[in-house]
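Open the model in your viewer and keep the sequence panel beside it. This tour goes from one selection to the next and says what to look for at each stop.

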Amino acid sequence: MGGFLSIMKELGVITYNVPTPAGEKKGTYMHMAKSGSLDGYYKYRVLCVKPPMFFLCVPCPPPTHTHTDVLSPLPDSYSPQYVEAAWYPWWEKQGFFKPEYRRPFVITVRGHIFMMCIPPPNVTGSLHLGHALTNSIQDCLTRWHRMRGETTLWNPGCDHAGIATQVVVEKKLMREQGVSRHDLGRERFVQEVWKWKNEKGDRIYHQLKKLGSSLDWDRVCFTMDPKLSFAVQEAFVRLHEEGVIYRSKRLVNWSCTLNSAISDIEVDKGELAGRTLLPVPGYKEKVEFGVLVSFSYRLEGSGKQCAPVECQGLTTFRPRLTHLPRLSLRRGGRRGDHPYRDHHLRGKVAFHPFCDRRLPIVFDDFVDMNFGTGAVKITPAHDHNDYEVGERHSLPFINILDENGFLINVPPPFLGMKRFEARKAVLQALKDRGQFKEIKDNPMVVPVCSRSKDIVEPLLKPQWYVDCTEMGKQAADAVRSGELRILPDHHLKTWFNWMDNIRDWCISRQLWWGHRIPAYFITVNDSSDVDGHYWVSGRSEEEAKEKAAKRFNVTMDKISLRQDEDVLDTWFSSGIFPFSIFGWPNESEDLSVFYPGTLLETGHDILFFWVARMVMMALKLTGKLPFKEVYLHAVVRDAHGRKMSKSLGNVIDPLDVITGISLEGLHAQLKDSNLDPVETEKAKQGQKSDYPGGIPECGTDALRFALCAYTSQGRDINLDVNRILGYRHFCNKLWNAVKFRAVAPCSPLRLAFSVTPLLSLLQLCSDENVMERWILSRLCAAVSLCGNGFQEYDFPAITTATYNFWLYELCDIYLESIKPVFSRTDPEGQTQADVCRQTLYTCLEVGLRLLSPIMPFVTEELFQRLPRRRPQDCPPSISVTSYPESLKEVLELLTTNLFFFFFVRLSAVHRRCYSVSGGEIQSADPDALLLPGNPPHHRGRQQHPRGLCGSHRIRQMHRPSPVEGEGVCRSEHEEFSVYVHMDACKHSWSRFAVQGLIDVEKELAKLHAKRAELEKQLEKLQERTEKSDYLEKVPAKVQEQDAEKVRGARRGELLQGCR
């Protein structure tokens, strides 16, 4: 069978042995699925294997967990595939995720309701770690609110993703049929897109289910569904009729490859340090960027040439074709001294080097005198900054590029050339004329289309715009007044900066897939007054005709309409998503109950592109905020802090983390990417460095727990896969804790339980049972920390509290302490054993409920294995049980005058010693010696936790003397390393035998090396921020992040672990 497993590994198939179910023949059973499979894990029984690659398997149904199944023994160890294979279909079938669960109808009066809509992923998309983080946090919050008894709705949906979907289908048609969309025509192409969507569009939904997302799938929405399309149409018409939407000719981000305008979020900013060759679609050779070219102009009325003019080699060589309609020089010095350098050029005119165009020289403060020569060309029709200069000086806007990137409005021989081919020709022509001066490196930012990887061109196009001035003010005021809360609050500065300086929003896209703009160009058959600039909007062509006829006071038969070919920006439909999913503008029960929503949770990178637009559109169209709070999580980076990039080989598919994948499998994924051979090889090296043995199988629960543990507010997430694997081991710890029964004659969990709440349980505890009181106090503390963590969106606090309770307090201390109790046969021992069983059950049951929102699969499996104290009242699933509530009075009662705080610190130091030594404890002495205090504080040996003294590696001793210094004492036993005074218990000390556990010199060397590395990082960061062009070249948000890192380092945050 080993050969069979090797073969399956080579084929990239995951195998897992499971116990033979009762009634089935013995054999090798395993769950197998190719990495990334959407259909779950299928179970097979291997009948025969014939080398090298012939084997026969009989498919069996996937494992299902019923009440009968969970009565069978737990497998020996935890396996994510076994646990996660079947619970989700059962949850969905039982309707646990619906707000109507346990309610005959949705309440019509707003009460305790939690509603959140999913940030709709692209229909073309597959999961990445950003999705995994978003959905892990959202699902944790949703499950927590559901377990609190609130009417809970997490509404799923998917975005039609205009550009991305059209590109995918166009490539598919060309690959399979050899045709373009233009060959098919618009109507047939849209049909092909719908066909693709119906076949492949649900992929993202299957992946979300794999993550355990508790969405109400009966309410799933697609932004091109009739209900949502009607809402989009209604929103456009209303805003157009009010004058909020208007048509104008302005600069847009243009992709020549897509033949469409694109939004700012679809433009990647490539930072170049200097001369760089970049690949551009449609060009065989790479194109040069990151250079600054100087050349001169000939002045009118003189044979002289003016000062050299700087020209950046950015996107095309268009500046050297138009050479600006105007030339701009910046003033120098103070306005009262020498207002402008080169003031003798005021009123002069320069000549275009390749035609007779006269180029007046203008002066403007936009140009930095210290940059280059202090004189630059201005191309208002092809640069956003130049556009504003052109507006100020009333310059003509001359366009020299068509939609495909070919040159127009230029003299021969450049007319009709491709933009980047013309660059070389113009440079050579300038050299031939003697006007070329020099070329040098220039740091710059290159705009790249994230979809097509084309260089983005600013292009003048007539488009539809949304006037955002008033709406932006309302959105800003809502946050200032406290009606809308944005967390973490350091994002407020960004919010107000955007809202207070907002620009109008271009909503036109030159695509075929999307919501076609419901606007019509009007032609009046017998009127000479129409100049071709009249547009009308309508919910239908008939309504648009009526409006047009009324406007021009003619009959409808004299009106001809032509609908705009463009579609709306995808963000427009996403902007009304919170209320369009409930049927707006029509009234419905869902709209009245679930709108406005409670919370929006998403990444901070789309704060403006989506969050702000939802707030603006909701206030404008419904008069209400779409939600009360916005929680923004950080960006996921790799373990080295680098941004996820395919070219670096550090992009991780969450399904690969869940199911595991070999290094060869990671390499194979690169073959399907669009990377060129050089980038592919670089990515392979990155994968080999980060994942030399591939990515181990971690499971969904471990991934979710890790992502939540990493989510520190305001900080990016440097995700280390090895840490996720550590949380899989944590799942195994939970498994073994519930499985614990080997030390007792009969299982403590298979007995009948009759006691009820925790307060009743306290009546069973006495001074002799300090450990029960201690573990229950730790449980109460964990409950309080988790409740506060969810309230404050402090997910690391939740994961830390649950992790510490289960691993360090329940498993490491309490379970170890009760093992000797179960071995006693005397009546007193049996009485103590009963108390232990009740306490253990309480800890397990409450502890699982604490973890359930974060780790839904393993907690469900283990919860179903626990007996019920009151089966008739117990919910069928842990996902619909009540979440533990914090009881401060109980915690105070448990912790009053107890000696156990001493042992908490004792166990903490013991764990640290154990971890430092790598788990190899070689000292023959106890790890700690407990020193009781003097009467009346000391009540004797029984005051210490049962099971710690007299067993294991802890024993009691008499108090050493004399006490030396505050908090530390030494005895006459020199081999004893250190005595620590426990201030929680005034007259007690502990002695820790660290001798032989720690190599001090080795540990100091590690700390010094770590400190040196951190100081090196700080030095690099300071060098970067002190560069002369740092403030100009680096985005403001990045500057804020860098400044915070520097401040943190200077406060010692980076070095605190090394002192």
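The stops below run from the whole chain to helices, strands, a sheet and cysteines.

**Whole protein**

Start with everything shown as cartoon. Remember that this is a predicted model. The protein carries 34 helices and 39 strands. Color by accessibility next: of the 1059 residues, 53% are buried. Contacts reach far along the sequence. Take those between residues at least 6 apart; 73% of them join residues at least 24 apart.

**Stop 1: two crossing helices**

Select residues 162–176, helix α5, and residues 186–200, helix α7. Their axes lie 10 Å apart, and the helices pack at an angle of about 100 degrees. α5 is therefore roughly perpendicular to α7.

Now show side chains at the crossing. From α5, pick Thr 165, Gln 166, Val 168, Val 169, Glu 170, Lys 172 and Leu 173. They meet Phe 189, Glu 192, Val 193 and Trp 196 of α7. What is the mix of nonpolar, polar and charged residues in this contact? Six are nonpolar, two are polar and three are charged.

**Stop 2: an enclosed helix**

Move to residues 856–865, helix α29. Why is this helix described as largely enclosed by the rest of the structure? Because ten of its ten residues are buried. Click along it from Pro 856, Phe 857 and Val 858 through Thr 859 to Leu 862 and Phe 863, which are among the buried residues. The buried set also includes Glu 860, Glu 861, Gln 864 and Arg 865.

**Stop 3: a strand covered on both faces**

Select residues 291–295, strand β14. This strand is mostly covered, with five of its five residues buried. Turn it to view each face. Val 291, Val 293 and Phe 295 point to one side, while Leu 292 and Ser 294 take the other. Both faces are covered.

Add residues 436–441, strand β21. β14 and β21 run antiparallel and are joined by five bridges. To line them up, find Val 291, which stands opposite Asp 441 of β21.

**Stop 4: a three-stranded sheet**

Next, show strands β27, β28 and β29. They form an open sheet in the order β28-β27-β29, with antiparallel pairing. Which strands stand at the edges? β28 (535–537) and β29 (559–563) do. Each has a single partner strand, so one side of each is left without a neighbour in the sheet. From one strand to the next, the twist averages 40 degrees.

Zoom in on β27, residues 519–524. Three bridges pair β27 with β28 in the antiparallel sense. Use Ala 519 as a marker: Ser 537 of β28 stands opposite. Then add helix α9, residues 226–241. This helix lies across β27 and β28, running at about 130 degrees to β28.

**Stop 5: cysteines**

Finish by showing cysteine sulfurs. How many disulfides are there? The count is zero. The cut-off to keep in mind is 2.5 Å between sulfur atoms.

Select Cys 140 and Cys 708. The sulfur of Cys 708 is the closest cysteine sulfur to that of Cys 140, but at 3.7 Å it is too far for a bond. Cys 140 is buried, with 0% relative accessibility.

Now select Cys 698 and Cys 731. Here the closest cysteine sulfur to that of Cys 698 belongs to Cys 731, at 9.8 Å, again too far for a bond. Cys 698 also counts as buried, at 0% relative accessibility.

Note on methods: Residues numbered from 1 in each chain as written. Predicted model: local features only at pLDDT ≥ 70, side-chain atom pairs only at ≥ 80, totals over all residues. Heavy atoms only, no water. Buried < 20%, exposed > 50% of the residue type's maximum accessible area, 1.4 Å probe, protein only. Axes fitted to C-alpha atoms, helices over the stretch in contact; angles between N-to-C directions. Helix = DSSP H or I, 4+ residues; strand = E, 2+ residues; numbered from the N terminus. Parallel < 35°, antiparallel > 145°, perpendicular 65-115°, else oblique. Contact = heavy atoms within 4.5 Å. Nonpolar A, V, L, I, M, F, W, Y, C, P; charged D, E, K, R; others polar. Pairing = 2+ DSSP bridges.
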